[in-house]
Amino acid sequence: FLPNSTGIVKKGSFVYILPTKNSTIFFKLENEQKVEILDKKNGFIKVLGSDSDFIGWIKRSEERRVGK
């Protein structure tokens, strides 16, 4: 079992319910967030918030950096 990658999502990023172009916006991040990366699909990344509990999809361009 390998641990998931981690990353930082930019302040002001939109978190979507589904990884589709017309998906509903779940909420907007008020601050930069540490996340665990769960999946990647259609130019979106499924993330789990490390500091504030949430799961959702962000656009790949909203991810600031990825580590291990």
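The following paragraphs describe the fold, the aromatic pairs, the surface and selected residue environments of a predicted model.

The protein chain contains seven strands and zero helices, and from the N terminus on its elements run β-β-β-β-β-β-β. The radius of gyration of the protein chain is 11 Å, close to the 11 Å given by the globule rule for 68 residues, so the chain is as compact as a globular protein of that length. Along its principal axes, the C-alpha trace of the protein chain spans about 35 × 25 × 20 Å. Of the 68 residues in the protein chain, 32% are buried, and the accessible surface of the chain comes to about 4,700 Å², with 51% of this area belonging to carbon and sulfur atoms. When contacts between residues at least 6 apart in sequence are considered, 43% of them join residues at least 24 apart.

A search of the whole structure for aromatic pairs finds three. In one of these, the ring centres of Phe27 and Phe54 lie 5.2 Å apart and the ring planes stand at 90°, so the pair is classed as edge-to-face, for which the planes must be over 60 degrees apart. This pair links distant parts of the chain, since Phe27 belongs to strand 3 and Phe54 to the loop between strand 5 and strand 6 (55-59), with their positions 27 residues apart in sequence. The two partners fall into separate accessibility classes: Phe27 counts as partly exposed, at 26% relative accessibility, whereas Phe54 counts as buried, at 7%. Ring pairs also bring in Phe26, which forms a cluster with Phe27 and Phe54.

Phe26 also contributes to the surface, where together with Ile17 and Leu18 it makes a nonpolar patch of about 300 Å². Ile17 lies in the loop between strand 2 (14-16) and strand 3 (25-28), and, with a relative accessible area of 47%, this residue is partly exposed. Ser23 is placed in the loop between strand 2 and strand 3 as well, but at 13% relative accessibility Ser23 counts as buried, because that value is under 20%. Leaving aside neighbours within four places in sequence, Ser23 is in contact with Tyr16, Ile17 and Leu18, the last two of which are members of the nonpolar patch. The C-alpha atoms of Ser23 and Ile45, which are 22 residues apart along the chain, are separated by 14 Å.

Leu29 is located in the loop between strand 3 and strand 4 and is buried, with a relative accessible area of 4%. Apart from neighbours within four places in sequence, the residues in contact with Leu29 are Val9, Lys10, Lys11, Gly12, Ser13, Val15 and Phe54, so that Phe54, defined here as a contact by heavy atoms within 4.5 Å, is shared between this environment and the aromatic cluster. For Leu29 and Lys11, which are 18 residues apart in sequence, the distance from C-alpha to C-alpha is 5.6 Å.

Contacts also connect strand 5 and strand 6 through Lys46 and Ile55, the former being found in strand 5 and the latter in strand 6. Lys46 is partly exposed, with a relative accessible area of 28%, and Ile55 is likewise partly exposed, with a value of 47%. Not counting residues up to four places away in sequence, Lys46 touches Glu36, Ile37, Leu38, Asp39, Ile55, Gly56 and Trp57. With the same exclusion of neighbours within four places, Ile55 is in contact with Phe26, Leu38, Lys46, Val47 and Leu48, and Leu38 is therefore a contact of both residues, heavy atoms lying within 4.5 Å in each case. The C-alpha atoms of Lys46 and Glu36, ten residues apart along the chain, are separated by 8.5 Å, while those of Ile55 and Asn4, 51 residues apart in sequence, are 14 Å apart in space.

A backbone feature is found at Asn42, which lies in the loop between strand 4 (33-41) and strand 5 (44-49). Most residues other than glycine have a negative phi. Asn42, although not a glycine, has a positive phi of about 50°. At 59% relative accessibility, Asn42 counts as exposed, because the value is over 50%.

Note on methods: Residues are numbered from 1 along each chain as its sequence is written. This is a predicted model: local features need pLDDT of at least 70, side-chain atom pairs count only at pLDDT 80 or more; totals for chains, interfaces and linings use all residues. Side-chain values use heavy atoms; hydrogens and water are left out. Helices (H or I, at least four residues) and strands (E, at least two) are DSSP runs, numbered from the N terminus. Buried means under 20% relative accessible area, exposed over 50%, partly exposed in between (1.4 Å probe, protein chains only). Patches are made of residues with over 30% relative accessible area and no salt bridge: like charges are joined within 9 Å, nonpolar side chains (Val, Leu, Ile, Met, Phe, Trp, Tyr) within 5 Å. Accessible areas come from the Shrake-Rupley method with a 1.4 Å probe; for residues, only the protein chains shown count as cover. A salt bridge is a side-chain nitrogen of Lys or Arg within 4 Å of a carboxyl oxygen of Asp or Glu. The radius of gyration is taken over C-alpha atoms; the globule rule is 2.2 Å times the number of residues to the power 0.38. Rings of Phe, Tyr and Trp (its six-membered ring) pair if their centres lie within 6.5 Å; planes under 30 degrees apart count as stacked, over 60 as edge-to-face and the rest as tilted.
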